[in-house]
Amino acid sequence: MITRRQFLKSGLVMSAGLMVSPRIGVSRVLAAGTQTPLAGSSIPQFVDSLPNLDLIHAGTSPIELRMTEFQAQVLPSVFPHKTWVWGYLQPGQTTRASYLGPVIVAERGTPTEIKWVNALGNTADSEVLAWVDSTDQTMHWADPLNGEANDCAESVEPDNLPTGVCAQHYAGPIPAVTHLHGGEVPPVLDGGPDAWFTSDGAYKGHAFYSLDGAAATNYAIYRYPNVQEAAPIWFHDHTLGLTRLSVYAGLAGAYLITDPGHPAPANLPPLVPLVIQDRMFDTEGQLYFPAGVPFVPNPVHPFWVPEFIGDTIAVNGKVWPFLEVEPKRYRFLFLNGSNARGYEMFLVNRDTKAQGPALWQIGTDGGYLDAPVKIDPNAPKGPLQRLVMLPGERADVIVDFAGLAPGTRLLLRNIAKAPYPNGEAPRGNTTGRIMEFRVVPPTGPDTSYDPTTGTPLRAPMVRLADPATGTLAAGVTAQKIRQLTLNEVIGPPTTVDGVSYPGGPLEILVNNSELPGTPRPDFTAITVGGITTYYSELPHEGDTEIWEVVNLTADAHPIHLHLVQFQLMNRQGFHVNKYNAVYAAAFPGGTYAPGFGPPLDYETGNPQVLGGNPDITPFLQGPAKPPPANEAGWKDTIVMFPGQVTRIVVRWAPTGLAADTGAIDAFYPFDPNGGHGYVWHCHISDHEDNEMMRPTSVKANHGATRTYVQGTDY
Ligand SMILES: [Cu+2]
């Protein structure tokens, strides 16, 4: 009997063509087959109005949020079934209109203490079939029972794995952990993949933390410092190997940091969150998640799909809602909370087919832009024609409905292919539609902030990258340059019941390294809670680094770094085939070795830069393109296109520090250093769940050390 982990390794060898194709039996692998999919095209649209999300103004009192299973009317109310979902409920709540939320509004300078309670129960009691019937224990995942729940009888084993390798869905207490996405927080409050804890309080990941010092509980108390600039950040589940399913079940909400010291422009229209997520349903109205054959004949991970692409669009937890708007300005916070689907969005008049009005973007992941950026479907072809968002990204947007007659109906359209940008086009009548806006008579004049005036949105932001030139901004020095790759590991072709399938993805990697990494002389072993992880990105607090990420895969990936907001410097094409040949040849033995890490020594393999990869410079093609205006702000998640090098400037320090602050003088107001640290990863949750994630641990500032008192120093 070999372990799952060993088998994964053997699967990777197989991907290099050294083993024969596995035997796959369709009939019993269809674990999700107890559900009958409901075609998205059969669901009526624009029946219900957009749900309001619960709002919590965080003060100085602690907040409690309980991860709870409940039923919500996710499908249109004409549909006879409610949907079992998971959400963060407040004490006393047993249900809620939307699984999403709440929206927490916190003030900079006032910490927010949240008790995250895992009240999700046991898989045996859960009605969320999309979660229960899609977990894949062959993956590197939380595994609370240490494989005990994995002991399955031969008779129920999926046939597509060798005898002795068991791939039952998980049965046991449900693990969860909440990550504050975009938050500048100490590592113990990051809520990363190894900080999970189970609903029965009996099991925890090795990075578990609770402010009260509890060793193992069904809750974690985090006291967020709220020291960063105003920003529309959010929170969601981040459990190792389960994020795609737990967020799909509903675990996500928004967290808006406001800054009384640097107020927003006067009279911004009230903010309406628009959290966009694709979903699938079964004929009973329950969430459906395709897992395993025949979707992906995967010889390594039988229940994992490389990208979940749903046939239905939900906004704020409601399938195809409408929103009544007066002919005036509205402010929308767009958040792509999907697993894998990207969106290219614009408004169109349903009756006249005229495109518009324009979307005026006023903010990005990390806060306000300096000035509004017009995204206009009638503009010349280019990046400012449509609002492009991959999972994890936010866009703060003003739309002016003025001049539209009551009764006008506008569609929010999506034309992004999935997977982005070269996959299948969305269907015009289903996934090409996000929601409808209906104009109603005005109730008064509009005195709100007008983005067309160009009135600055803020004191000019600190610039690490110069958006005009696509280079480092004046006064900025980079202490390190890392050149890192994005890799997709493709398995061998398979034949299922006489049908041939091309090899599909087995796992997706950053810098060809799995999350835990492998022992190498150029990786640093850090052991926390008895678990050793091999780190390669160990930045110093205060340092500014340029990350040049070379996308060797066929798809775009939204790459997300924890702790920091960074800036996009530029994007540049490269000759993929020529580079790939040199890249593969650089591995020991001269052929690409999945999961090996970079082919060369991380520190010294490329004398120019860190990362351990053959230098990309000789293979670059065309000019380095500066960021489009709406991406030239603080970002924590950025789209990295296939066939391109995406260069970002990452300063391991707060965003507000002047650009010319010396590295030895740049500190967080809390201790970001040491220990288990953070992660950086692809925000396609199907990818991050399958190894497209690496640890980072911040090392002490090169300069003067400071004494922090963890938990009370902010
Ligand atoms: Cu990805």
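Reading the predicted model: sheet, loops and copper site

In this predicted model, five strands form an open sheet of mixed pairing, ordered E17-E25-E24-E19-E22. Strands are DSSP runs of E with at least two residues, helices are runs of H or I with at least four, and both are numbered from the N terminus. Two strands pair if DSSP finds at least two bridges between them.

Q: What makes E17 and E22 the edge strands?
A: Strand E17 (322-325) and strand E22 (387-389) each pair on one side only. The twist from one strand to the next averages 25°, where axes are lines fitted to C-alpha atoms and angles run from 0 to 180 degrees between N-to-C directions.

Q: How do you know that E17 and E25 pair?
A: Four bridges join E17 to strand E25 (residues 433-439), and the definition asks for at least two. The two strands run parallel. One of the bridge partners in E25 is Arg-438, which faces Glu-324 in that role.

Q: Which rules apply to numbering and to the values used here?
A: Residues are numbered from 1 along each chain as its sequence is written, and side-chain values use heavy atoms, with hydrogens and water left out. As the model is predicted, local features need pLDDT of at least 70 and side-chain atom pairs count only at pLDDT 80 or more, while totals for chains, interfaces and linings use all residues.

Q: What makes up the protein as a whole?
A: The secondary structure comes to six helices and 41 strands. Of the 714 residues, 63% are buried; buried means under 20% relative accessible area, exposed means over 50%, and partly exposed lies in between, with a 1.4 Å probe and protein chains only. Contacts (heavy atoms within 4.5 Å) between residues at least 6 apart in sequence join residues at least 24 apart in 79% of cases.

Q: Why is the peptide bond before Pro-419 called cis?
A: Omega is near -5° for the bond from Ala-418 to Pro-419. Pro-419 is found in the loop between strand E24 (409-414) and E25. That loop also holds Pro-421, and the bond joining Tyr-420 and Pro-421 is cis, with omega about 0°.

Q: Why is Asn-512 called buried?
A: Its relative accessible area is 0%, and the limit for buried is under 20%, so Asn-512 counts as buried. The residue lies in the loop between strand E31 (505-510) and strand E32 (524-528). Its phi is positive, near 55°, and it is not a glycine.

Q: Why is Leu-563 called buried?
A: Leu-563 has a relative accessible area of 2% and therefore counts as buried. Its loop runs between strand E35 (557-561) and strand E36 (567-574). Phi is positive here too, at about 75°, in a residue that is not a glycine.

Q: What makes His-557, Cys-682 and His-687 donors of the copper ion?
A: Their atoms ND1, SG and ND1 lie 2.0 to 2.1 Å from the ion. Donors are N, O and S atoms within 2.8 Å of the metal (3.2 Å for Na, K and Ca), so these atoms qualify; water is not among the atoms, and sites may look incomplete.

Q: How are the copper donors spaced along the chain?
A: They follow H-x124-C-x4-H. His-557 lies in strand E35 and His-687 in helix H6 (residues 685-688), so the pair ties together parts that are 130 residues apart in sequence. His-557 is buried at 0% relative accessible area, and His-687 also counts as buried, at 0%.
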